[in-house]
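Here are my notes for your first look through this one. Keep the viewer open and click along as you read.

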Amino acid sequence: MLRLFATFAILNALLLGLEIPRHGGFGPNWVALEALVLAGLFTLMPPGRWSRGLAGVAASLLALLSLLALADGLARMSLGRSLNLYLDYPLIRSVYHLMAGSVSVPGAIAAGVALLLVVTGLALFVRWLLLSLPAPRSPIALAAGVAMLAAGIAGTTAFHAGTALPSLPRAITPGATLVLDQLRFGRSAHSERREFEALLADEPDAGRATPLPGLDGIDVIIGFIESYGVSALFDDRYARVVGKQLEAIEQDVAAAGLHMVSGTLNAPMFGGQSWLAHASLLTGLRVRNQMHYEFLLGTQRASLVQDFQQTGHRTLAVMPAITRPWPEGRWYGYDEIHEASDIPYAGPEFNWVTMPDQFTWWHFEHSLRRGDDRPVFAKLALISSHAPWVPILPVIEDWDQIGDGSVFLQWEGEGETPESLWRNHDRVREHYALSVAYALETAGRYAARFTDSETLLILVGDHQPAPLITGADASPGVPVHVFSGAPELLEPFRDRGFVPGGRPPSEPTDAGMDRLRGWLQEAFGAPSPRER
């Protein structure tokens, strides 16, 4: 009897542990019904090949469920939502590259090996635990085993089928619920995919290129600032640092004779997968997940890239975070794509960040923007505010010193390691604010120095950071700042709720990133007022 109840207690704790990511702890429940079923079943099974085989299957399933619960917890922490295997399995490689860039390749491999050893050890332990249950030698033990098995089966049936069978108080089926959730998520995602396919089929004209004669001769530059969400402006933990930087930008651009308006748009996701935000803004479609993205890449839909090509612009993407083959980039049809290996940067990497934003802006301005006489449409991915948010670099006052980036060698190895910083979540949040302030300062300095009446510069956050930074109930909003020396180019944004200066309205917006393409088409699909 002691062995039976001890086994049940251990199995119960392991199975209830699957709920930790969902509740941030063990939650309010006391009994895992699967533990009753397993303890009762293996008490009644005679030793032999069948019991050994079934114990191996049950132990392997529990280990895999533990791995699934861990992945679900990571998804909740980083993406602000539950794991959806139907959508998220392609992200395994991205998680590895993020770890390798943020820590090191050996560190990422070591973490993977350690996880594999832990999961294997858990499976072996559970198998031993189940096989250690001896056949009952007394009627009381036999009755206890039968009662456990019957209660577990009846409770599970009542819990999931909603029948009239009595169920135990505070009893759940954490393992079965994990599996059923994934089946439910998969069905929902499949249905959503069909709706997305129907949307594209029903709007053939929306996918065609639309010239923008109102922007003829205007350089249009869109800079995506990594992890820059409205929390950076309206959360008291960050507002002081980031708000002070926006005030400095307002002063700099005003002194340069420029105009600035700000508003917000809703990103299609939280915490990561920046490419979904890029795709939404460029195509005018709300690309919410990897499934949408991959289906979109299988179509022939036009985007802002083709709109500007038909307007006479040279189109290019500057993507310093792309360090591996990126076949998806060809789908957009840019005239030029500049990945990390195409950019002649002679400075050091800073953990995940391949090159600081200030160099990206400098290289774009001096090596790419003036490539020929045509105006340019450019998308820049600005990555200095990407986790792990260490080190925080100073902004070089004399931009002419930047050159090939070797000036940044003086900060190689500076600052603490990500492993050290991330032991203290309060300090992580402090570094997040400082990294966003750096990204904004470099972008603002670029705007004041290189923006004129023939330029429309749009800075937009790609998404809110992880819930560790924002909290669990954060808005999906991201700030948008628009600069130009020609005030008439900013009028369409004012008409849509943008306000002068660097601080956007704090009220939530209903407009997603996918609306920007339509706004540009509505506002600039005819010649500008000064040309009519």
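The points below go through a surface patch and some salt bridges.

1. Before anything else, remember that this is a predicted model.

2. Start on the outside. Leu54, Val57, Leu61, Leu64, Leu67, Leu70, Leu74 and Leu115 make a nonpolar surface patch of about 660 Å². Helix H4 (residues 49–79) gives the largest share of the patch, seven residues. Try Leu54 as an example: this residue sits in H4 and is partly exposed, at 36% relative accessible area.

3. Now for the charged pairs. How many salt bridges does a search of the whole structure find? There are 15. One of them joins Asp219 to Arg369, with the closest N and O atoms 3.0 Å apart. Asp219 is in strand E3 and Arg369 in the loop between helix H16 and strand E7, so you're looking at partners 150 residues apart. Both Asp219 and Arg369 are buried. They also belong to a network of salt bridges with Glu365 and Arg370.

4. That H16–E7 loop also holds Asp372, which pairs with Arg314 of strand E5, so parts 58 residues apart in sequence get tied together. The closest N and O atoms of this salt bridge are 3.6 Å apart. Arg314 is buried, with just 2% relative accessible area, whereas Asp372 is partly exposed at 33%.

5. Finally, look at Glu522 and Arg496, whose closest N and O atoms are 2.7 Å apart in their salt bridge. Glu522 is in helix H21, and Arg496 is 26 residues away in the loop between helix H20 and strand E10. Glu522 is exposed at 58%, while Arg496 is partly exposed at 28%.

Terms used
Residues are numbered from 1 along each chain as its sequence is written. This is a predicted model: local features need pLDDT of at least 70, side-chain atom pairs count only at pLDDT 80 or more; totals for chains, interfaces and linings use all residues. Side-chain values use heavy atoms; hydrogens and water are left out. Patches are made of residues with over 30% relative accessible area and no salt bridge: like charges are joined within 9 Å, nonpolar side chains (Val, Leu, Ile, Met, Phe, Trp, Tyr) within 5 Å. Accessible areas come from the Shrake-Rupley method with a 1.4 Å probe; for residues, only the protein chains shown count as cover. A salt bridge is a side-chain nitrogen of Lys or Arg within 4 Å of a carboxyl oxygen of Asp or Glu. Helices (H or I, at least four residues) and strands (E, at least two) are DSSP runs, numbered from the N terminus. Buried means under 20% relative accessible area, exposed over 50%, partly exposed in between (1.4 Å probe, protein chains only).
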